[in-house]
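Me: I would like a close look at a single part of this structure, the packing of one helix against another, with enough of the surroundings to place that part in the chain. Please take your time over it.

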Amino acid sequence: MSGVREPVVAHLITGFLGAGKTSLLNRLLAQPALADTAVIINEFGAVGIDHLLVQSVDDDVVLLKSGCICCTIRVDLKNTILSLFERARRGEIPPFSRLVIETTGLADPAPIIATLSADLMLKYHLRLGNVITVVDVPNGVANLNGFAESRRQVAVADHIIISKSDLADAAALTGLRQQLGRINGAANVVVLDETGEPAQALLLDTLNDPASREAAVAPWLGANSGLGHEHEASHHGTIGTFVLEADQAIAWPRFALWLSMLIHSHGRKILRLKGLIDIEGAETPVVVHGVQHLIHKPLHLPGWPDGVRRTRIVVIGEGLDRELMQRSLAAFCLPGQEVQPEQAAQ
């Protein structure tokens with residue numbers, strides 16, 4: 001036996017300094033449902049999980065009472081991940097079915113996502129799951145206002161967990177929610193309770209189930225709800241979220257060309273891109289999902305999540321002009337429209 005069941009889903013937990021990532025991990029790793037989890041953290045000595053340790057495999061890897069494996073990044077993320085798979089293959093550590101990576105509080109998650117998504121060796125072993133960002137109520141707004149790293153952590157999140165809500169009043173919680181919505185209106189926002197159960201559910205991956213994939217699309221379609229009738233961008237500083245739309249079905253080659261030129265033109269400014277695409281000749285939507293210059297393999301959904309057949313692309317980016325991007329998308333979608341190269345680069 002290899003000791004590892006594939007594919008392993010890699011979830012990313014990020015959040016600014018003091019947001020409560022480690023406290024969240026402590027609670028999650030004690031749950032029986034997450035016993036077959038491997039955890040990678042940046043600085044092992046700084047993580048307060050000593051009370052959970054039962055056996056040291058070596059200086060870098062420990063086994064927890066729950067059965068989870070916990071280790072630190074020794075050389076780089078790729079080598080650490082591959083080392084865990086090799087150890088499991090040799091039977092030195094228990095098998096694991098999911099991987100959780102906790103970043104440091106000052107980390108930009110985008111390069112980590114890129115490593116997990118693009119590296120050919122890692123893609124053989126795992127696939128990217130949820131990007132979960134922890135934001136605490138007492139300091140969240142100040143951190144978002146004062147630190148670009150905090151804003152980027154929120155911008156790339158699939159799910160945002162609001163922590164320490166018991167340490168602030170309702171007005172502070174409402175203000176934080178509004179701030180988060182302006183940066184990333186496509187994320188699913190969860191207020192953490194005392195059990196941590198909502199966060200636990202985000203790590204119990206069910207993305208192989210088409211119905212679950214369809215349900216996962218619903219929260220980011222809700223990005224429309226926070227915008228005006230014209231779907232204007234909602235901004236916090238230079239980072240904003242907006243929705244591009246097209247009522248006409250589009251031929252896949254035309255859309256792929258538009259997307260390729262858009263990514264080539266804007267690159268790192270596009271922090272996150274998620275879309276439902278109405279493709280000519282297809283009854284159900286195609287999901288596209290990207291981070292910066294990386295686009296994941298498109299997926300077909302079994303149906304339109306909200307029953308509305310229309311291309312909708314949620315863009316979360318820095319310093320982007322929605323109107324220019326909307327015009328370039330429309331130019332590619334209009335049947336018979338002659339497309340100029342500069343239109344795709346807008």
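Reply:

**A helix pair and its setting**

The chain has 12 helices and 16 strands, in what is a predicted model. Of its 346 residues, 51% are buried, and among the contacts with a separation of 6 or more, 75% join residues that are 24 or more positions apart.

The part to examine closely is helix α7, which runs over residues 170-183. Its 14 residues, at 1.5 Å a residue, should span 20 Å, and the end C-alpha atoms of α7 are indeed 20 Å apart, so the expected and the modelled lengths agree. Within α7, the buried residues are Leu-176, Gln-179, Leu-180 and Ile-183. Viewed down the axis of α7, these buried residues fall within an arc of 100 degrees, and they therefore line one face of the helix. The face of α7 that is turned away from this buried side carries Ala-170 and Ala-171, which are exposed.

The partner to consider is helix α5, residues 137-146, whose axis comes within 9 Å of that of α7, the two crossing at roughly 35 degrees. This crossing of α5 and α7 is left-handed. From α5, the contact is made by Val-137, Gly-140, Val-141, Leu-144 and Asn-145, while α7 contributes Ala-172, Leu-173, Gly-175, Leu-176, Gln-179, Leu-180 and Ile-183. Sorted by class, the contact of α5 with α7 has 8 nonpolar residues, 4 polar ones and no charged ones. Leu-176, Gln-179, Leu-180 and Ile-183, the buried residues of α7, are thus included in the list of residues that meet α5.

Gln-179 deserves a separate word. This residue lies in helix α7, and its relative accessibility is 6%, which is why Gln-179 counts as buried, the cut-off being under 20%. The C-alpha atoms of Gln-179 and Val-141 are separated by 7.0 Å, although the two residues are 38 residues apart along the chain. Both Gln-179 and Val-141 belong to the contact between the two helices.

On the approach to α7 there is a backbone feature to note. Lys-164 is placed in the loop between β8 (159-163) and α7. Its phi is near 55 degrees, which is a positive value in a residue other than glycine. Lys-164 has a relative accessible area of 31%, and is therefore partly exposed.

Another helix, α10, can be set beside α7 and read in the same manner. Helix α10 covers residues 252-266, and its 15 residues at 1.5 Å a residue should span 21 Å, which agrees with the 21 Å between its end C-alpha atoms. The buried residues of α10 are Phe-255, Trp-258, Leu-259, Leu-262, Ile-263 and His-266. They cover an arc of only 125 degrees around the axis, so they sit on the same side of α10. Pro-253 and His-264 are exposed, and are carried on the face of α10 turned away from its buried side. Just after α10, Gly-267 takes a positive phi of about 50 degrees.

Two further positions show how residues separated in sequence are brought into contact. Ala-110 is in helix α3, residues 109-118, and with 1% relative accessibility Ala-110 counts as buried. Once neighbours within four places in sequence are left aside, Ala-110 is in contact with Val-291 and Gln-292. Ala-110 and Val-291 are 181 residues apart in sequence, yet their C-alpha atoms are 7.0 Å apart in space.

Glu-283 is placed in the loop between β12 (270-277) and β13 (286-291), and its relative accessible area of 62% is the reason why Glu-283 is classed as exposed, for which the value must be over 50%. Leaving aside its neighbours within four places in sequence, Glu-283 is in contact with Trp-304 and Arg-309. Trp-304 is 21 residues from Glu-283 in sequence, and the C-alpha atoms of the two residues are 9.0 Å apart.

Technical notes:
Residues are numbered from 1 along each chain as its sequence is written. This is a predicted model: local features need pLDDT of at least 70, side-chain atom pairs count only at pLDDT 80 or more; totals for chains, interfaces and linings use all residues. Side-chain values use heavy atoms; hydrogens and water are left out. Helices (H or I, at least four residues) and strands (E, at least two) are DSSP runs, numbered from the N terminus. The expected span of a helix is 1.5 Å times one less than its number of residues. Buried means under 20% relative accessible area, exposed over 50%, partly exposed in between (1.4 Å probe, protein chains only). The arc is that of the directions from the helix axis to the C-beta atoms. Axes are lines fitted to C-alpha atoms, for helices over the stretch in contact, and angles run from 0 to 180 degrees between N-to-C directions. A crossing is left-handed if the near helix is turned anticlockwise from the far one by less than a right angle, and right-handed if clockwise. Contact means heavy atoms within 4.5 Å. Ala, Val, Leu, Ile, Met, Phe, Trp, Tyr, Cys and Pro count as nonpolar, Asp, Glu, Lys and Arg as charged, and the others, Gly among them, as polar.
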